Amino acid sequence: MSKRSVHHATFAIERTYAASPARVFAAWADPETKARWFSGSDEANGEYELDFRIGGRELSRGDAPDGEVYTYEARYHDIVPDERIVYVYDMHRDKTRISVSLTTVDLKAEDAGTRLIYTEQGAYLDGEDKPEYREQGTGSLLDALGAELGRQPATA
């Protein structure tokens, strides 16, 4: 039997987008938009669902290049339109839970855009995941959000 362990870590990432808080919030709330920047759901073997409401669930599952299947499953606990999103999520690699995290997304109007502050408090389980991997991956997702916002017309 393997030795059980938990490593706790917190990280924060900030990004500034040339889009209003309403547009940034909508990119998290709209299932089609979020699937484009978050899940890569256009890939074969991918699965994505979003029920964006307090108590709602989000699921993203897909194959990694190494052949393992990663599953992200979140539950929304607090949503303040155009200002804040709080959720808890589990990450699994195949059938192994590798982490559980509490995440807060703060949106602040700044100049003609939005400053997003993403804070994650994670419990990384049994040496199966590391906070630096998660921080790097999250940074890439937030960059993809920026690219998605750049493709959208500035209507809101």
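# Reading helices, burial and backbone angles

Me: Which residues of α3 are buried in this model?

Reply: Pro-131, Arg-134, Thr-138, Gly-139, Leu-142, Leu-145, Glu-148 and Leu-149 are the buried residues of α3. The model is a predicted one. As a general idea, an α-helix has 3.6 residues a turn, so residues three or four places apart point the same way.

Me: Which elements do the buried residues of α3 pack against?

Reply: They pack against the helices α1 (21-29) and α2 (31-39), and against the strands β1 (6-17), β5 (84-93), β6 (96-110) and β7 (113-125).

Me: How many residues does α3 have, and what span should they give?

Reply: Helix α3 comprises the 21 residues 131-151, and at 1.5 Å a residue these should span 30 Å. The C-alpha atoms at its ends are 30 Å apart, so the expected span and the model agree.

Me: How should one residue of this helix, Leu-149, be read: buried or exposed?

Reply: Leu-149, which is located in helix α3, has a relative accessible area of 5% and is therefore buried, since buried means under 20%. Beyond four places in sequence, Leu-149 touches Tyr-17, Ala-19, Arg-23, Val-24 and Ala-27. A C-alpha to C-alpha distance of 9.3 Å separates Leu-149 from Trp-37, although the two are 112 residues apart in sequence.

Me: How is the packing of two helices to be described, and at what angle do α1 and α2 pack?

Reply: Two packed helices are described by the angle between their axes and the distance between the axes. For α1 and α2 the angle is about 85° and the axes are 6 Å apart. The two helices are therefore roughly perpendicular to each other, because angles of 65 to 115 degrees count as such.

Me: Which residues make the contact between α1 and α2?

Reply: From α1 come Ala-27, Trp-28 and Ala-29, and from α2 come Pro-31, Thr-33, Lys-34 and Trp-37. By character, the residues of this contact comprise five nonpolar, one polar and one charged.

Me: Which residues of α2 are buried, and what covers them?

Reply: In α2, Thr-33, Lys-34, Ala-35, Trp-37, Phe-38 and Ser-39 are buried. Their cover includes the helices α1 and α3, together with β2 (47-50), β3 (57-63) and β4.

Me: In the largest nonpolar core, which residues touch the most other members?

Reply: That core has 32 residues, and those touching the most other members are Val-24, Trp-28, Tyr-87, Leu-116, Tyr-118 and Leu-145. Leu-116 may serve as an example. Apart from neighbours within four places in sequence, Leu-116 contacts residues including Ile-13, Tyr-17, Val-24, Trp-28, Val-105, Leu-107, Leu-142 and Leu-145. Glu-14, Arg-15 and Asp-106 are also among the contacts of Leu-116.

Me: How do residues of the strands compare; is Tyr-72 buried or exposed?

Reply: Tyr-72, in strand β4 (residues 69-80), counts as buried at 6% relative accessibility. Leaving out residues up to four places away in sequence, Tyr-72 touches Phe-38, Glu-58, Leu-59, Ser-60, Tyr-87, Tyr-89, Asp-90 and Met-91. In strand β5 lies Arg-93, which counts as buried at 16% relative accessibility. The contacts of Arg-93, with the same sequence neighbours left out, are Glu-68, Val-69, Tyr-70, Ile-98 and Glu-128.

Me: How is a positive phi to be read, and where is Asp-94 placed?

Reply: Most residues other than glycine have a negative phi, and most peptide bonds are trans. Asp-94, not a glycine, nevertheless has a positive phi of about 55°. Asp-94 sits in the loop between β5 and β6 and is partly exposed, with 41% relative accessible area. The C-alpha atoms of Asp-94 and Tyr-72 are separated by 11 Å, at 22 residues apart along the chain. Asp-126, again not a glycine, also has a positive phi of about 55°. Asp-126 belongs to the loop between β7 and α3 and is partly exposed, at 21%.

Me: Where does Ala-112 lie, and is Ala-112 buried or exposed?

Reply: Ala-112 is part of the loop between β6 and β7. Its relative accessibility is 73%, so Ala-112 counts as exposed. Between the C-alpha atoms of Ala-112 and Gly-46 the separation is 35 Å, and the two residues are 66 apart along the chain.

Technical notes
Residues are numbered from 1 along each chain as its sequence is written. This is a predicted model: local features need pLDDT of at least 70, side-chain atom pairs count only at pLDDT 80 or more; totals for chains, interfaces and linings use all residues. Side-chain values use heavy atoms; hydrogens and water are left out. Helices (H or I, at least four residues) and strands (E, at least two) are DSSP runs, numbered from the N terminus. The expected span of a helix is 1.5 Å times one less than its number of residues. Buried means under 20% relative accessible area, exposed over 50%, partly exposed in between (1.4 Å probe, protein chains only). Contact means heavy atoms within 4.5 Å. A nonpolar core is a set of buried Ala, Val, Leu, Ile, Met, Phe, Trp, Tyr and Cys residues joined through side-chain atoms within 4.5 Å. Axes are lines fitted to C-alpha atoms, for helices over the stretch in contact, and angles run from 0 to 180 degrees between N-to-C directions. Angles under 35 degrees count as roughly parallel, over 145 as roughly antiparallel, 65 to 115 as roughly perpendicular and the rest as oblique. Ala, Val, Leu, Ile, Met, Phe, Trp, Tyr, Cys and Pro count as nonpolar, Asp, Glu, Lys and Arg as charged, and the others, Gly among them, as polar.
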